[in-house]
Amino acid sequence: MVKLLLAAIVLLLMQARVAHSFSRHLLHHGRASTERCLNIQNSFATYLRNQKVFTCVGYHASICTTRHLSKGIDELDATNYKTDNSADRDMRKERLHFYLSELGVDAAALEDASFRSQTTMEGFDERFGKSAIKSYRAYVDPKPSRLEAVASEVVDIAANRFARQIDFLAKRHRSQAAEWVRHIDESQDRRTFPLILVLDNLRSAANVGSIYRSAEACGCLEILTTGITPHPNGNGSEKLAKSALGAEQILPTKHFATVRQAMEYLKEYRPNVMLVGMETTERSKLYNVIKYPGREAASSDKLIVENDCMSSPGVALFLGNEVSGVDTDIMPLLDEVVEIPMFGLKNSLNVAACAPVVMYEILRQWKVSSSSSSSKSSEGLD
């Protein structure tokens, strides 16, 4: 009996919300006056009081509903509720549909999906997904609080922007729903190679985060950061995390005040690694003509590091500041300096773009095969 009473209460309150939403919808689009909306709500309250089953429940629900709906109307009046001009709405819809069609999106189907998501229990159409449909509604039928802001924008500019956003959201939804596209990191042991990155006074947290992500994908042993370089648990860690996407939590990291301190650490705990700087100088060699040591250790099932010391050969790759490059004071201390050939007018690539180019060349020389690491293949780039 108690369960039936609770079920009745839930059902009646759900019906109350429907009546409330419907009346607000009519008022919002100028299809009914405030008086008409109140009449709709009062009629529903009367309907609740006239329920023959669970009369007591219906009576109390009607009181709660009437109070709730009356409060909603009071809030509308208090916030100077504005109705949407139908001509403005039609213009927004027409331009949005135009730009959606240019992007190959079925605008009529999207409009129908938006309507059905509000008027039926079917949920959101799988062709578009929840986010795309909500974005469509946000522009065509904005909330009262957003109506003034939407109306103040140039229609074509806003419609074009929303169309591109809707197109992206729909594509993202279909990609995430596709079983053959993998977006979730697989749970498995991580392979590591005798490859170390040294970031010398990089200033951009976004660049550092991107390098962390590339380094993790390449199975780097660790990353050493120096000077002003943003690093996990240090300055710029929040911005770094946005582009690293969790890689900063996987890769071991050590931070040093100066790059010389990082080199001293390498000499003590990684004595057999080749120190390679990435810089355009007179002594620089093409990155793909250098023979990088460490192939034997890389082909092993596991890289052996005892007491934080790695005795096997490997490579420590030094990446310098985005403007000034690798510290000139340490250049003579490096075993090799490599560069990526430039064919344009600019003398360099972005540091986050350079790092994976050289790292994958090193892995290529070591003949590292993806088939030996659970057949991992290249995934979508972003």
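Colleague: Is R270 buried or exposed, and what is its relative accessible area?
Modeller: This is a predicted model, and R270 has a computed place in it. Buried means under 20% relative accessible area. R270 falls in that class, so it counts as buried, with a relative accessible area of 2%.

Colleague: Which residue forms a salt bridge with R270?
Modeller: The closest N and O atoms of the pair are 3.4 Å apart. The two residues sit in distant parts of the chain, 38 residues apart. R270 is in the loop between α12 (259-269) and β4, and its partner is in the loop between α13 and β6. That partner is D308.

Colleague: Which lysine meets the side chain of D308 in a salt bridge?
Modeller: The N to O distance here is 3.8 Å. This pair also links distant parts of the chain, 54 residues apart, with the lysine in strand β3. D308 is partly exposed at 31% relative accessible area, and the lysine is partly exposed at 27%. The lysine is K254.

Colleague: Which residues join D112 and R116 in one network of salt bridges?
Modeller: Side chains of opposite charge can pair when their charged atoms come close. One pair in this region has its closest N and O atoms 2.8 Å apart. Its acid is buried, with a relative accessible area of 13%, while its arginine is partly exposed at 43%. The residues that join D112 and R116 through shared partners are D125 and R127.

Colleague: How many salt bridges does the structure hold?
Modeller: The pairs D308 with R270 and R127 with D125 are among them. The structure holds a total of 15.

Colleague: What is the strand order of the open sheet?
Modeller: The sheet has seven strands, with parallel pairing. Its edge strands are β3 (253-256) and β5 (285-286), each pairing on one side only. Five bridges join β1 to strand β2 (residues 222-226), and I196 has E222 as its bridge partner in β2. The order is β3-β2-β1-β6-β4-β7-β5.

Colleague: Which residue of β4 stands opposite A316 in β6?
Modeller: β6 is joined by five bridges to strand β1 (residues 195-200), running parallel. There, V198 stands opposite F318. Five bridges also join β6 to strand β4 (residues 273-278), again parallel. Opposite A316 stands L275.

Colleague: Why is strand β6 largely enclosed, and how many of its residues are buried?
Modeller: In a regular strand the side chains alternate between the two faces of the sheet. In β6, G314, A316 and F318 point one way and V315, L317 and L319 the other way, and all are buried. The strand (residues 314-319) is largely enclosed by the rest of the structure because its buried residues number six of the six.

Colleague: Which helix lies across β1, β4 and β6?
Modeller: α9 lies across β1, β2, β3 and β6, running at about 175° to β1. The helix you ask about runs at about 165° to β6. It is α14.

Colleague: Which element gives the largest share of the largest nonpolar core?
Modeller: Of the 38 residues in that core, L197, I211, Y292, M359 and W366 touch the most other members. The elements giving two or more residues are β1, α9 (205-217), α10 (237-244), β4, β6 and α14 (351-365). The largest share is eight residues, and it comes from α14.

Colleague: Which tryptophan is in contact with Y292?
Modeller: Neighbours within four places in sequence are left aside. Y292 is then in contact with residues including V276, V315, V338 and V358. The tryptophan in contact with Y292 is W366.

Colleague: Which helices are included in the cover of the buried residues of α6?
Modeller: Helix α6 (residues 130-140) has the buried residues A132, I133, S135, Y136, R137, Y139 and V140. What covers them includes α4 (86-102), α5 (107-119), α7 (144-152) and α8 (155-177).

Colleague: What percentage of the 382 residues is buried?
Modeller: The protein has 14 helices and seven strands. Its accessible surface comes to about 22400 Å², and carbon and sulfur atoms hold 53% of that. Buried residues make up 41%.

Notes
Residues numbered from 1 in each chain as written. Predicted model: local features only at pLDDT ≥ 70, side-chain atom pairs only at ≥ 80, totals over all residues. Heavy atoms only, no water. Buried < 20%, exposed > 50% of the residue type's maximum accessible area, 1.4 Å probe, protein only. Helix = DSSP H or I, 4+ residues; strand = E, 2+ residues; numbered from the N terminus. Pairing = 2+ DSSP bridges. Core = buried A, V, L, I, M, F, W, Y, C linked by side-chain atoms within 4.5 Å. Contact = heavy atoms within 4.5 Å. Areas by Shrake-Rupley, 256 points an atom, 1.4 Å probe, with all protein chains shown as cover. Axes fitted to C-alpha atoms, helices over the stretch in contact; angles between N-to-C directions. Salt bridge = Lys/Arg side-chain N within 4 Å of Asp/Glu carboxyl O.
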